[in-house]
Amino acid sequence: MTTSGGLLPLNELRQARGLSQKMLADMLHVQQPSIAKMEKRTDMYLSTLRSHIEAMGGQLEVVARFPDGAVRINNFAELAQPTVA
């Protein structure tokens, strides 16, 4: 698997982690076609991407890169959590 700094589409990342679409779908409690559809998307909610990455054993980080440095954005974790009333 590609290490730090590598670029992979979601389907290749899933395959590199040794997971089939069916296995990942089972972990996320969705149907396999949902995984196929998500892997083809170019735009999705961060919460959806976070769930996908965490199901593969990873952790999603959002980093903004500027000419003078990079900044890790950390407030998305709070926003992605569902609120139960």
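**Exercise 1. The chain as a whole**

Among contacts in the protein chain between residues at least 6 apart in sequence, what percentage join residues at least 24 apart? Describe the chain's secondary structure and burial as well.

*Solution.* The structure is a predicted model, in which local features need pLDDT of at least 70 and side-chain atom pairs count only at pLDDT 80 or more, while totals for chains, interfaces and linings use all residues. Residues are numbered from 1 along each chain as its sequence is written, and side-chain values use heavy atoms, with hydrogens and water left out.

Step 1. With contact taken as heavy atoms within 4.5 Å, 38% of the contacts between residues at least 6 apart in sequence join residues at least 24 apart.

Step 2. The chain has 5 helices and 2 strands, arranged along the sequence as α-α-α-α-β-β-α; helices (H or I, at least four residues) and strands (E, at least two) are DSSP runs, numbered from the N terminus.

Step 3. Of the 85 residues, 20% count as buried, where buried means under 20% relative accessible area (1.4 Å probe, protein chains only).

**Exercise 2. Helix α2 and its neighbours**

Determine how α2 is oriented against α3, and which of its residues are buried.

*Solution.* Step 1. The axes of α2 (residues 21-28) and α3 (residues 32-40), being lines fitted to C-alpha atoms over the stretch in contact, with angles from 0 to 180 degrees between N-to-C directions, come within 8 Å and cross at roughly 105°. The two helices are therefore roughly perpendicular to each other, a label that covers angles of 65 to 115 degrees.

Step 2. On the α2 side the contact is made by Gln21, Lys22, Leu24, Ala25 and Leu28, which meet Gln32, Ile35, Ala36 and Glu39 of α3.

Step 3. Gln21, Leu24 and Ala25 are the buried residues of α2. They cover an arc of only 105° around the axis, which puts them on the same side of α2; the arc is that of the directions from the helix axis to the C-beta atoms.

Step 4. These buried residues pack against α1 (10-16), α3 and α4 (46-55).

Step 5. Just after α2, histidine 29 takes a positive phi of about 60°.

**Exercise 3. Histidine 52**

Is histidine 52 buried or exposed, and which residues does histidine 52 touch?

*Solution.* Step 1. Histidine 52 belongs to helix α4 and is buried, its relative accessible area being 0%.

Step 2. Leaving aside residues up to four places away in sequence, histidine 52 touches Leu10, Leu24, Leu28, Ile35, Met38 and Glu39.

Notes. Angles under 35 degrees count as roughly parallel, over 145 as roughly antiparallel, 65 to 115 as roughly perpendicular and the rest as oblique. Buried means under 20% relative accessible area, exposed over 50%, partly exposed in between (1.4 Å probe, protein chains only).
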